[in-house]
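Thanks for coming. I have one structure to walk through today, and I will keep to what can be read from the model.

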Amino acid sequence: MADGYEGSCCGGDTTTSGVSRRTMLRAAVLGAGAISTGGLLVPEPAQAAPAIYNPFSAYPITDTWEGHLSRGSLGGIDFGMGVGTALPACGAGTIQNLPNNGTGGHTVTIQHADGYRSQYLHLSQFLLGNGASVGAGTIVGRSGGAAGAPGSGSSTGPHLHWHMISPSGTRINPLVFIQQNPADQPRQVFEAASNAGWRALPVSGSAGAVTGTATTAVTLGSTKILYTLNGGRIHEAASNAGWANLWTGIHGAQGTSLAALNVNGVKHIYNVVDGWVHEAASDNSWRNLNSGVRGTRAAALGMDGVKLIYAV
């Protein structure tokens, strides 16, 4: 859906001293890290790039960055989704909620530690309080955008608007930012076996390559099962399903580690959520259960029916 954002709607992200709005729009087109003044590209002060991922890759883009700029907006990406859709944080940071934020409606800002900010607009509900710390994948609110509904601002239909803001206050395209700063983005999983001379073989199937930022594996009979972290969600892929990525239903602020066990035919996954090792099992609809163990890395093994978790 289209959005008619003026600069005043989005948390003071519109101006840099001595630089015109036209120049700021040109900087947005040029991309993060530069402002055009008198035909010259002036680099912004160096800042460490935060680890950002796209939590909305499964939803269609209904309005592009260029489409926003063409209407005089400072830029944004719109994703079509139903009202009430859970909105995962695109990266770690702290929360600032902005109720009725002009044409943007209810807006949540994720303030990253390095000076960058991410904003989601047209929310129907805030879920966390101001100052709450979140990790990548933590649910921060629910989408809205229905015309005339509370929190929708100027939106004319259900969708989510997403943009980022640089440390200098320039609005930037999050998809371009991710492309330019690909740290911790999912990569293809490879398999190597001793009976194949340890040759690296890509794990691919009819549904495409199995990808993730972390992986672990178990076996069930002759079936090999892989678990991967993808955008704050745990996926399962099995050799007897053509390695198709299947979302297990587990989501949250996962860390960089996964572990898995097969205990009497029940699959158990261990992952890190907000510093706690969580357990989820296939016989309880994959619910996240806090194990009471803290850590940032996890490993697991089964011995005589006892599950053992190791954490660092």
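I will start with the whole chain, then take two sheets, the nonpolar cores and a few single residues.

One caution before the details: this is a predicted model. The chain has 312 residues, and 47% of them count as buried. Its secondary structure comes to 3 helices and 29 strands. If you take the contacts with a separation of 6 or more, 52% of them are between residues 24 or more positions apart. The accessible surface is about 14,000 Å², and carbon and sulfur atoms hold 54% of that.

Now the first sheet. In what order do the strands of the open sheet of 3 strands run? The order is S5-S11-S9, and the pairing is antiparallel. S5, residues 86-88, and S9, residues 123-126, are at the edges; each has a single partner strand, so one side of each has no neighbour in the sheet. On average, neighbouring strands here are turned by 35 degrees against each other, direction ignored. S5 is joined to S11, residues 139-143, by 3 bridges, and the two run antiparallel. To find that pairing on the screen, look for Ala-86, whose bridge partner in S11 is Arg-142.

Stay with S11 for a moment, since Ser-143 lies in that strand. Is Ser-143 buried or exposed? Ser-143 counts as buried, because its relative accessibility is 1% and the cut-off for buried is under 20%. Leaving out residues up to four places away in sequence, Ser-143 touches a run of residues from Met-81, Gly-82, Val-83, Gly-84 and Thr-85, as well as Leu-87, His-122, Leu-123 and Ser-124.

Moving along the chain, Gly-145 sits in the loop between S11 and S12. Gly-145 also has a relative accessibility of 1%, so it counts as buried. Which residues does Gly-145 touch, again not counting those up to four places away in sequence? They are His-122, Ser-152, Ser-155, Thr-156, Gly-157, Pro-158 and His-159. His-122 is therefore among the residues listed for Ser-143 and among those listed for Gly-145, two residues that both count as buried. Gly-145 and Met-81 are 64 residues apart in sequence, with their C-alpha atoms 9.3 Å apart in space.

Next, the nonpolar residues. As background, nonpolar side chains in soluble globular proteins tend to be buried together. In this model, the largest nonpolar core has 24 residues. Phe-56, Leu-87, Tyr-120, Val-140 and Trp-162 have the most contacts inside it. The elements that give two or more residues to this core are helices H2 (65-70) and H3 (174-180), together with strands S4 (77-79), S7 (107-111) and S12 (160-165). S12 gives the most, with 3 residues. Apart from this core lies another, of 13 residues, including Ala-238, Ala-260, Ile-269 and Trp-286.

There is a polar residue to look at as well. Gln-119 lies in strand S8, residues 117-121. Gln-119 counts as buried because its relative accessibility is 1%. What does the side chain of Gln-119 contact? One polar contact goes to the side chain of Thr-109, at 2.9 Å. Another, at 2.7 Å, goes to the side chain of His-163.

Last, the second sheet. This is an open sheet of 4 strands in the order S20-S21-S22-S23, with antiparallel pairing. S20, residues 215-220, and S23 are the edge strands, and each pairs on one side only. Neighbouring strands are turned by 25 degrees against each other on average, direction ignored.

S20 pairs with S21, residues 223-230, over 6 bridges in the antiparallel sense. Thr-216 stands opposite Tyr-227 in that pairing. The two strands form a hairpin with 2 residues between them, and Gly-221 in the turn has a positive phi of about 65 degrees.

At the other side, S22, residues 233-238, is joined to S23 by 3 bridges, again antiparallel. Arg-233 stands opposite His-251 in S23. Gly-249 is found in S23 too, which spans residues 246-251. Gly-249 and Arg-233 are 16 residues apart in sequence and 7.5 Å apart in space, C-alpha to C-alpha. Gly-249 has a relative accessible area of 38%, so it is partly exposed.

That is the end of the walk-through. I can take questions now.

How values were computed. Residues are numbered from 1 along each chain as its sequence is written. This is a predicted model: local features need pLDDT of at least 70, side-chain atom pairs count only at pLDDT 80 or more; totals for chains, interfaces and linings use all residues. Side-chain values use heavy atoms; hydrogens and water are left out. Buried means under 20% relative accessible area, exposed over 50%, partly exposed in between (1.4 Å probe, protein chains only). Two strands pair if DSSP finds at least two bridges between them. Axes are lines fitted to C-alpha atoms, for helices over the stretch in contact, and angles run from 0 to 180 degrees between N-to-C directions. A nonpolar core is a set of buried Ala, Val, Leu, Ile, Met, Phe, Trp, Tyr and Cys residues joined through side-chain atoms within 4.5 Å. Contact means heavy atoms within 4.5 Å. Accessible areas come from the Shrake-Rupley method with a 1.4 Å probe; for residues, only the protein chains shown count as cover. A polar contact is a pair of N or O atoms within 3.5 Å; within protein, one must be able to donate a hydrogen and the other to accept it, and residues adjacent in sequence count only if both atoms are side-chain atoms.
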